[in-house]
Amino acid sequence: MLAQQQLLMQVPAASEAVAPDRAAARALIDHVFHNFEVHRVCAALAPGNLASRRVAEKAGLQFEGRLRGVIFINGQYLDSEVFGLLRPEWQARRAATHGKA
């Protein structure tokens, strides 16, 4: 049975170092899929955090949807956008990148 694990990676909203952040995100995703029996990796982002969104998309995660009012911070409920990558998608990307069929 595949486990469900949670891991938090935070990218500052004003980040201009998207390429290093993307490389770190890809390395983290590769590590998780290589070392843990997980079916999916996901990221929950603040809707206005465009730097984090770019990092998630460049790392191969797909936009899955918006959860309304799911986070309570400073006395108010905030939305979260969810991005995800499934193991079969990751495997296909790895095969294409490494020339394996």
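This report describes the fold, the surface and the salt bridges of one predicted protein model.

Residues are numbered from 1 along each chain as its sequence is written. Because the model is predicted, local features need pLDDT of at least 70 and side-chain atom pairs count only at pLDDT 80 or more, while totals for chains, interfaces and linings use all residues, and side-chain values use heavy atoms, with hydrogens and water left out.

## Fold

The protein has three helices and three strands, and along the sequence these elements follow the pattern α-β-α-β-β-α; helices (H or I, at least four residues) and strands (E, at least two) are taken as DSSP runs numbered from the N terminus. The strands form an open sheet in the order β1-β3-β2 with antiparallel pairing, where two strands count as paired if DSSP finds at least two bridges between them. Strands β1 (40-45) and β2 (62-73) stand at the edges with a single partner strand each, so one side of each has no neighbour in the sheet. On average, and with direction ignored, neighbouring strands of this sheet are turned by 30° against each other; axes are lines fitted to C-alpha atoms, for helices over the stretch in contact, and angles run from 0 to 180 degrees between N-to-C directions.

Strand β2 pairs with β3 (residues 76-86) in the antiparallel sense over eight bridges. Within the two strands, G65 stands opposite V82 in β3, and I73 has Q76 of β3 as its bridge partner. The hairpin of β2 and β3 has two residues between the strands, and N74 takes a positive phi near 50° there.

Helix α2 (residues 50-58) packs on the sheet and touches β1, β2 and β3, with its direction making about 15° with that of β3; a contact here means heavy atoms within 4.5 Å. Helix α3 (residues 87-98) lies across β2 and β3 and runs at about 50° to β3. Of the contacts in the protein with a separation of 6 or more, 61% are between residues 24 or more positions apart.

## Burial and surface

Buried residues make up 30% of the 101 residues, where buried means under 20% relative accessible area, exposed means over 50% and partly exposed lies in between (1.4 Å probe, protein chains only). The protein exposes about 7000 Å², of which carbon and sulfur atoms supply 55%; these accessible areas come from the Shrake-Rupley method with a 1.4 Å probe, and for residues only the protein chains shown count as cover.

On this surface, L67, V70, I71 and I73 make a nonpolar patch of about 300 Å². Patches are made of residues with over 30% relative accessible area and no salt bridge, with like charges joined within 9 Å and nonpolar side chains (Val, Leu, Ile, Met, Phe, Trp, Tyr) within 5 Å. One of the patch residues, V70, is found in strand β2, and at 45% relative accessibility V70 counts as partly exposed.

## Salt bridges

A salt bridge is a side-chain nitrogen of Lys or Arg within 4 Å of a carboxyl oxygen of Asp or Glu, and by this rule the count comes to seven. The table gives three of the pairs, with the N to O distance for each.

| Pair | N to O distance |
|---|---|
| D30 and R94 | 3.3 Å |
| D79 and R66 | 3.0 Å |
| R66 and E81 | 3.7 Å |

In the pair of D30 and R94, D30 lies in helix α1 (residues 18-35) and R94 in helix α3, so the pair ties together parts that are 64 residues apart in sequence. D30 is buried, with a relative accessible area of 15%, whereas R94 is partly exposed, with 24%.

Two of the tabulated pairs involve R66. D79 in strand β3 and R66 in strand β2 are 13 residues apart, and R66 in strand β2 and E81 in strand β3 are 15 residues apart. R66 counts as partly exposed at 45% relative accessibility, as does D79 at 25%, while E81 is buried, with a relative accessible area of 8%. These residues also belong to a network of salt bridges that links R53, E57, R66, D79 and E81.
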